[in-house]
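Work through these exercises with the model open beside you. Try each task before reading its solution.

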Amino acid sequence: MAAALANGAPLLEAIDLAVHYGGIAAVKGISFVVEAGEMVCLIGCNGAGKTSTLKALARQLPATGQLRYRGENLALLPAHALVGRGLALIPEGRGVFARLSVAENLDMGAYCRTDKGEIEADRERVYGMLPRLKERREQLAGTLSGGEQQMLALGRALMSRPSLLLLDEPSMGLAPLMVQKVFEVIERVAADGVTILLVEQNAKLALSVCRRGYVMESGRITLADQSATLLADPRVRQAYLGE
Ligand SMILES: Nc1ncnc2c1ncn2[C@@H]1O[C@H](COP(=O)(O)OP(=O)(O)OP(=O)(O)O)[C@@H](O)[C@H]1O
Ligand SMILES: [Mg+2]
């Protein structure tokens with residue numbers, strides 16, 4: 001369930017966030033919040049600025065405006081410290097290490113942890129949740145199917161014990177059955193208490209699993225509401241649900 005932190009702050013807050021590539025504005029001053037325990041989506045068409053937003057949150061791109069995580073100014077934390085603070089990004093295209101095995105990829109997810117016994121237990125928990133990965137633990141990640149790579153990217157992120165998971169288009173390039181499987185896992189992760197900010201072009205899917213969402217168009221947030229309200233909005237239906 002969504003809740004403010006003990007200090008009253010949302011888990012994540014962006015205020016007037018902007019991202020530029022040279023002279024091109026990809027994100028034009030957007031503001032949004034993600035409360036602890038929520039699963040929220042950011043939907044929009046190709047080029048709307050969704051990935052740029054997530055990369056700015058993960059401090060992989062320079063941005064202006066304010067980013068607050070647990071009430072702290074994110075700009076003051078070095079990017080490499082974010083994983084240790086519980087903020088994990090699963091990038092568009094998964095970003096698994098193709099030449100490492102499934103098991104080695106999972107170990108990479110725990111690189112900033114030192115609690116060996118617990119890492120072992122978490123690996124078994126991930127294998128329990130994603131049995132396909134256990135069967136293929138010695139296989140090179142680059143030879144996994146797209147859906148298996150998405151499972152591995154999720155498993156690797158879970159190995160860092162995230163509080164906030166930023167997910168960039170987990171459904172991309174997957175057959176419907178695999179999309180369903182990946183989303184079952186995402187929903188289980190959310191049910192375990194991990195806060196999720198989900199970026200998706202598949203608006204119908206995203207709004208069906210998230211309680212509320214933001215709609216992004218040409219670098220701006222144009223709508224923000226409960227998913228049920230967005231799903232009933234004629235603008236959303238026409239632009240994103242093909243109706
Ligand atoms: N490295 C870059 N250099 C220049 N422009 C970029 C760069 N990355 C993204 N852009 C531009 O910024 C805009 C937003 O891109 P972004 O990748 O954030 O969109 P997106 O909403 O994630 O789209 P998609 O759904 O296709 O992944 C686009 O117009 C894109 O061409
Ligand atoms: Mg993108």
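**Exercise 1. The end of the six-stranded sheet**

In which sense do strands β9 and β10 pair, and over how many bridges?

Solution. The model is a predicted one.
Step 1. Find β9 at residues 212-217. Its pairing with β10 is antiparallel and spans six bridges.
Step 2. Check one position: V215 has L223 of β10 opposite.
Step 3. Place the pair in its sheet. Six strands make up this open sheet, ordered β6-β7-β8-β3-β9-β10, with mixed pairing.
Step 4. Look at the ends. β6 and β10 (220-226) are the edge strands, and each has a single partner, so one side of each lacks a neighbour in the sheet.
Step 5. Add the twist: on average, neighbouring strands here are turned by 15° against each other, direction ignored.

**Exercise 2. Helices on that sheet**

Find which strands helices α5 and α6 touch or cross, and at what angles they run.

Solution.
Step 1. Take α5, residues 146-158. Helix α5 lies across β6 and β7 (164-168), at about 170° to β6.
Step 2. Take α6. This helix packs on the sheet and touches β3 (39-43), β7 and β8 (195-200). The directions of α6 and β8 make about 150°.

**Exercise 3. The nonpolar cores**

Which residues have the most contacts inside the largest nonpolar core?

Solution.
Step 1. The largest core holds 51 residues, and L165, I196 and L198 have the most contacts inside it.
Step 2. Helix α6 (residues 176-191) gives the largest share of this core, eight residues.
Step 3. List the partners of L165, leaving aside neighbours within four places in sequence. They include A88, I90, L154, A157 and V189. Also among them are V194, T195, I196 and L197.
Step 4. Turn to the second core. This separate set has 32 residues, including V19, A36, A48 and L82.
Step 5. Recall the general background: nonpolar side chains tend to be buried together in soluble globular proteins.

**Exercise 4. The four-stranded sheet**

What is the strand order of the open sheet of four strands, and where are its edges?

Solution.
Step 1. The order is β2-β1-β4-β5, and the pairing is antiparallel.
Step 2. The edge strands are β2 (24-34) and β5 (72-73). Each has a single partner strand, so one side of each is without a neighbour in the sheet.
Step 3. Follow β1, residues 12-21. Five bridges join β1 to β4, and the two run antiparallel. L12 stands opposite Y69 in β4.
Step 4. Move on to β4 (residues 64-69), which pairs with β5 over two bridges, again antiparallel. Y69 has E72 as its bridge partner in β5, and R68 stands opposite N73.
Step 5. Inspect the turn. The β4 and β5 hairpin has two residues between the strands, and R70 takes a positive phi near 50°.

**Exercise 5. The magnesium site**

Which residues coordinate the magnesium ion (ligand 2)?

Solution.
Step 1. The donors are T51 (OG1) and E92 (OE), at 2.0 to 2.6 Å.
Step 2. Locate both in the chain. T51 is in helix α1 (residues 50-57). E92 is in the loop between β6 (87-90) and α2 (102-109). The two are 41 residues apart, so the pair links distant parts of the chain.
Step 3. Judge their burial. T51 has 18% relative accessibility, under the 20% cut-off, so T51 counts as buried. E92 is partly exposed at 38%.

Note on methods
Residues are numbered from 1 along each chain as its sequence is written. Chains are lettered from A and ligands numbered from 1 in the order in which they are written. This is a predicted model: local features need pLDDT of at least 70, side-chain atom pairs count only at pLDDT 80 or more; totals for chains, interfaces and linings use all residues. Side-chain values use heavy atoms; hydrogens and water are left out. Two strands pair if DSSP finds at least two bridges between them. Donors are N, O and S atoms within 2.8 Å of the metal (3.2 Å for Na, K and Ca); water is not among the atoms, so sites may look incomplete. Buried means under 20% relative accessible area, exposed over 50%, partly exposed in between (1.4 Å probe, protein chains only). A nonpolar core is a set of buried Ala, Val, Leu, Ile, Met, Phe, Trp, Tyr and Cys residues joined through side-chain atoms within 4.5 Å. Contact means heavy atoms within 4.5 Å. Axes are lines fitted to C-alpha atoms, for helices over the stretch in contact, and angles run from 0 to 180 degrees between N-to-C directions.
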